[in-house]
Amino acid sequence: DMDEMISTIMHEMVHVKQYLRKELVQLDEVYLWKNVAFGKYSVDYRKRPWEIEAYIIEDRLVKSFKEDYI
């Protein structure tokens, strides 16, 4: 539905920001998050710091988007 689509787009845009600012760098089997290495599967998805940040910022972006455009 529309709400899910908006949330997904906002979440992924946070990842775009992370990659552009080099906060998150993906190597073969390792992610670098603010220069700290994480094995690709060593941390549960919802406990990865870049995902935690994306979910927090996603909520704010969705709220702001809905207030401004819906």
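Q: How many aromatic pairs does a search of the whole structure find?
A: Keep in mind that we're looking at a predicted model here. Searching the whole structure for aromatic pairs gives a total of five.

Q: What kind of pair do the rings of Tyr 45 and Tyr 55 make?
A: Their centres sit 6.4 Å apart, with the planes at 85°. Planes over 60 degrees apart fall in one class, so with that angle Tyr 45 and Tyr 55 are edge-to-face.

Q: Which parts of the chain does that pair link?
A: Tyr 45 and Tyr 55 are 10 residues apart, and the pair links distant parts of the chain. Tyr 55 is in helix α2 (49-69), while Tyr 45 is in the loop between β3 (36-39) and α2.

Q: Which residue lies over the face of Tyr 55?
A: Tyr 55 itself is partly exposed, at 26% relative accessibility. Over the face of its ring, at 4.0 Å from the ring centre, lies Arg 46.

Q: Are the rings of Phe 65 and Tyr 69 stacked, edge-to-face or tilted?
A: Both residues lie in helix α2, four residues apart, which is about one turn of the helix. Their ring centres are 5.1 Å apart and the planes meet at 40°. Stacked needs under 30 degrees and edge-to-face over 60, so the Phe 65 and Tyr 69 pair is tilted.

Q: Is Tyr 69 buried or exposed?
A: Its partner Phe 65 has a relative accessible area of 28%, so Phe 65 is partly exposed. Tyr 69 comes out at 63% relative accessibility. The cut-off is over 50%, so Tyr 69 counts as exposed.

Q: Which residues do ring pairs link into a cluster?
A: Here we move on to another set of aromatics. Ring pairs join four residues into a cluster: Tyr 31, Trp 33, Phe 38 and Trp 50.

Methods:
Residues are numbered from 1 along each chain as its sequence is written. This is a predicted model: local features need pLDDT of at least 70, side-chain atom pairs count only at pLDDT 80 or more; totals for chains, interfaces and linings use all residues. Side-chain values use heavy atoms; hydrogens and water are left out. Rings of Phe, Tyr and Trp (its six-membered ring) pair if their centres lie within 6.5 Å; planes under 30 degrees apart count as stacked, over 60 as edge-to-face and the rest as tilted. Helices (H or I, at least four residues) and strands (E, at least two) are DSSP runs, numbered from the N terminus. Buried means under 20% relative accessible area, exposed over 50%, partly exposed in between (1.4 Å probe, protein chains only). A charge sits over a ring if NZ of Lys or CZ of Arg is within 6 Å of the ring centre and within 35 degrees of the ring normal.
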